[in-house]
Amino acid sequence: MVKMGILGAGNIASSMAATMRELDSVECYAVGARDYDRAEAFAKKYGFVKAFGSYDELVKDPEVELIYIATPHSFHYEHIKLCLENGKHVLCEKAFTINEKQAAEVFAMARQKGLLLTEAIWTRYMPMRKRLDDVLESKVIGKPYMLTANLGYVVSDKERIVNPQLGGGALLDLGVYTLNFASMVFGDDVEKITGTAVKNDAGMDMQNSMTLTYKDGKMAVLNSTAMGLSDRKGTIYGDKGFIEVLNINNCEEIRVYDLKRNLVAAYDRPEQISGYEYEVEACVYAIRRGETECRQMPHEESLCMMRWMDELRRQWGVTFPME
């Protein structure tokens, strides 16, 4: 068993903790929060052995092997460094960092120290990702030429969305999933990225539209919004049919249609705890083999996603105080 700690005790930390306690590969060992009472309540609720009232105490516990970072993404850079400096393997929530420069620095640090560092973009680790790969490779829809994807939740009142100090905006919180979907389906050989965004008074993008044009002529048209609820659907258009992915944020079903728009195949998501278990299992697998990255989300893929988001923010004039 890998002794696992959680840095941060918010909502997403709770989802991870509830998942961890169902796994045989990790022990719910320690949680660190900004105050002890919060950490202690979290530890009692989810069965963690230890609670710490600071992140420093968590990372300095010699028993902790792997730390899941569950803080806002504006803090990821400093928290990743804190963990690595204290010899801990790291699974860090998306968006991985604020920009590509930060990501490149911590990846280099992890490699130099021989520690695992990977991004917790759960869609990359799920079995439905492999299922989609298999369906595409079967050529059932022929050659794919275009895809569309959207993700929208009514979260425009959330502090993490509206506040520049927290790396706000829809792009890093929601758009990152649509960009990852495009990357998983069409790859990263992009010739041009363009986009438009609607910003709030603080200069954070509240909704956006992005178009990736690939060197081989494929196109990905993506939308994310923090203002309205979307169907979360991804659609891949081929010359022999099309594929619908129901919920790009946690794929529930893949549907395949022919040229007459008849449904010819459907694949359901296997039973899961929450979906977070796959990234944890991938970390355990990599740690046991002395690897510094997970094959499901290599360092270069995280860097590419940050590079794309850097470019989109440049076009929109979205900047953060810590840059």
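**View 1. Arginine 313 reaches for the backbone oxygen of isoleucine 98.** In this predicted model, the side chain of arginine 313 comes to 3.3 Å from that backbone oxygen. Arginine 313 belongs to helix H10, which covers residues 299-316. Is arginine 313 buried or exposed? With a relative accessibility of 4%, it counts as buried, because the cut-off for buried is under 20%.

**View 2. Arginine 313 and glutamate 323 meet side chain to side chain.** Here the thing to look at is a polar contact of 2.6 Å between the two side chains. So arginine 313 has a glutamate 323 side chain as a polar partner, given that N or O atoms within 3.5 Å make such a pair when one can donate a hydrogen and the other accept it.

**View 3. Who else is around arginine 313?** Setting aside neighbours within four places in sequence, the contacts of arginine 313 include Val318, Thr319, Phe320 and Glu323. Leu171 and Leu172 are also among the residues that arginine 313 touches, as are Ile98 and Asn99.

**View 4. Threonine 123 sits in a loop.** The loop runs between strand E6 (117-120) and helix H6 (127-137). A loop residue it may be, but threonine 123 is buried: its relative accessible area is 6%, and buried means under 20%. Which residues does threonine 123 touch, if those up to four places away in sequence are not counted? They are Arg129, Tyr177, Met184, Ile248 and Asn249. For a distance to check in your viewer, try isoleucine 67: its C-alpha atom and that of threonine 123 are separated by 20 Å, with the two positions 56 residues apart along the chain.

**View 5. Zooming back out to the chain that holds these sites.** The fold has ten helices and 14 strands. Its radius of gyration is 20 Å, close to the 20 Å that the globule rule gives for 323 residues, so the chain is as compact as a globular protein of that length. Along the principal axes, the C-alpha atoms fill a box of roughly 60 × 45 × 35 Å. Of the 323 residues, 57% are buried. Among contacts with a separation of 6 or more, 66% link residues 24 or more positions apart.

**View 6. Surface and charge.** About 13800 Å² of the chain is exposed, and carbon and sulfur atoms supply 47% of that area. As for charge, there are 39 positive and 47 negative side chains. The centres of the two sets lie 3 Å apart.

Key
Residues numbered from 1 in each chain as written. Predicted model: local features only at pLDDT ≥ 70, side-chain atom pairs only at ≥ 80, totals over all residues. Heavy atoms only, no water. Helix = DSSP H or I, 4+ residues; strand = E, 2+ residues; numbered from the N terminus. Rg over C-alpha atoms; globule rule 2.2 N^0.38 Å. Buried < 20%, exposed > 50% of the residue type's maximum accessible area, 1.4 Å probe, protein only. Contact = heavy atoms within 4.5 Å. Areas by Shrake-Rupley, 256 points an atom, 1.4 Å probe, with all protein chains shown as cover. Lys, Arg positive; Asp, Glu negative; His and termini not counted. Charge placed at Lys NZ, Arg CZ, Asp CG, Glu CD.
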